Amino acid sequence: MAHRSRLAGFIIDCQTGDLDAAATFWSGALGVGVGEHEVEGDAEYFPLVDTPGDLHIEVQKVAHPSRVHLDIESDDVDAEAARLEALGAKKVAFVKRWWVMEAPTGQRFCVVRMKHPERGAPPREWP
């Protein structure tokens with residue numbers, strides 16, 4: 001059964017030797033494109049493109065431990081969690097009404113119930 005989900009915005013710090021794979025994971029997880037690889041001084045990142053509401057999001061390589069917190073909201077949290085697992089995420093815990101998950105590069109994030117689907121950017125529909 002189809003379900004819908006969407007996100008809001010941030011920088012995703014990744015302690016990884018493979019920033020391409022990190023950008024590919026987050027692109028697939030969030031349903032957006034990957035922009036051109038950019039290097040500015042010691043900063044290395046991929047901007048994500050075609051984001052909801054033109055929200056600014058980057059996948060950035062860092063030396064410190066990977067970290068970010070974001071919520072992906074969905075009208076079916078279990079279906080969304082399963083979709084993200086298929087992309088390489090792991091379920092960490094079910095807490096009250098949402099899933100705490102972990103990306104392949106170690107970031108924790110939550111899949112939460114969509115509260116106001118009529119507000120903001122339209123959610124993406126997934127098969």
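Okay, a definition to start: two strands pair if DSSP finds at least two bridges between them. Helices (H or I, at least four residues) and strands (E, at least two) are themselves DSSP runs, numbered from the N terminus.

Quick housekeeping. This is a predicted model, where local features need pLDDT of at least 70 and side-chain atom pairs count only at pLDDT 80 or more, while totals for chains, interfaces and linings use all residues. Residues are numbered from 1 along each chain as its sequence is written, and side-chain values use heavy atoms, with hydrogens and water left out.

Now, the sheet. It's an open one with six strands, in the order β8-β9-β10-β7-β1-β11, and the pairing is mixed. At the edges you'll find β8 (90-95) and β11 (124-126), each with a single partner strand, so one side of each has no neighbour in the sheet.

Let's look at one pair. Strand β1 (residues 3-6) runs antiparallel to strand β7 (residues 71-74), and two bridges join them. Who stands opposite Arg6 in β7? That's Glu73.

On to the helices. Helix α1 (residues 19-30) packs with helix α2 (residues 77-86) at about 155°, their axes 10 Å apart. So α1 is roughly antiparallel to α2, a label for angles over 145 degrees (under 35 is roughly parallel, 65 to 115 roughly perpendicular, the rest oblique). Those axes are lines fitted to C-alpha atoms, for helices over the stretch in contact, and angles run from 0 to 180 degrees between N-to-C directions.

Who makes the contact, meaning heavy atoms within 4.5 Å? From α1 it's Phe25, Gly28 and Ala29, and from α2 it's Glu80, Arg83 and Leu84.

Technical notes: Contact = heavy atoms within 4.5 Å.
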